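Please open the structure in your viewer and keep the selection tool at hand. The stops below are meant to be taken in order.

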Amino acid sequence: MTSAPADFELTMDELRAVARYAVESAEAVLPVFEAGNPEDPRPRAAVDAAREFVNGARRTRLQRITALDAHRAARQAATEAEQLAARAAGDAAAAAYLHPLAKATQVGHILRAAACAARVAELQADGDPAAGLDSIERARLRATPVVVDVLSRYPAAPFGRSRVARLMTALDEGLRK
């Protein structure tokens, strides 16, 4: 298997820092998915696989497979909040495979779980955008210098029309200041 040439280096420690950041966001909203889908273990499995990597385990197919499974669970969830919680779990597992390619689309591997969690906060507050912005601010403060350094190697988050995309852009801008 050949891989594309890298635009810069990413160490395993840096990947673990990024995955830790995503896992923290996913863990915060995982109960939202599990409350509505108690028999579906896929997002929990993704968070557990991501947590194993964060805690020093080798990066394996487990993270890829559980990430895809969590995203499938998101498509099958009944509510937007449940969908976003499952997506955050999938993004946390996928963060282990952040590519060292200077493409704006890679920023989602770093920030989308936090943006999904922020949207869940809005939904739980009857759609109040202030709840999402508060969540984004907490995510900004939680970012370690390593996460910010890795983020700075990528172009800015791509503009999108969805609320999650706008929240991700807000977090990206806040971290780059």
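The tour goes from the core to one residue, then to a helix and to a last residue.

This is a predicted model, in which local features need pLDDT of at least 70 and side-chain atom pairs count only at pLDDT 80 or more, while totals for chains, interfaces and linings use all residues. Residues are numbered from 1 along each chain as its sequence is written, and side-chain values use heavy atoms, with hydrogens and water left out.

Begin with the largest nonpolar core (buried Ala, Val, Leu, Ile, Met, Phe, Trp, Tyr and Cys residues joined through side-chain atoms within 4.5 Å; buried means under 20% relative accessible area with a 1.4 Å probe, protein chains only). Select Tyr21, Leu98, Ile110, Leu111, Tyr154 and Leu171, which touch the most other members among its 60 residues. Helices that give two or more residues to this core include H1 (12–36), H5 (107–124), H7 (145–152) and H8 (163–176), and the largest share, 12 residues, comes from H1. Helices here are DSSP runs (H or I, at least four residues), numbered from the N terminus.

Next, select Tyr154, whose contacts (heavy atoms within 4.5 Å), leaving aside neighbours within four places in sequence, include Phe8, Leu98, Pro100, Ile110 and Arg176.

Now move to H7, where Val147, Val150 and Leu151 are buried. Seen down the axis of H7, its buried residues fall within an arc of 100° (taken from the directions from the helix axis to the C-beta atoms), so they line one face of the helix. These buried residues pack against H1, H5 and H8.

Finally, select Thr169 in helix H8: is Thr169 buried or exposed? Thr169 counts as buried because its relative accessibility is 15%, and, apart from neighbours within four places in sequence, Thr169 is in contact with Ala157, Pro158 and Phe159.

Key
Buried < 20%, exposed > 50% of the residue type's maximum accessible area, 1.4 Å probe, protein only.
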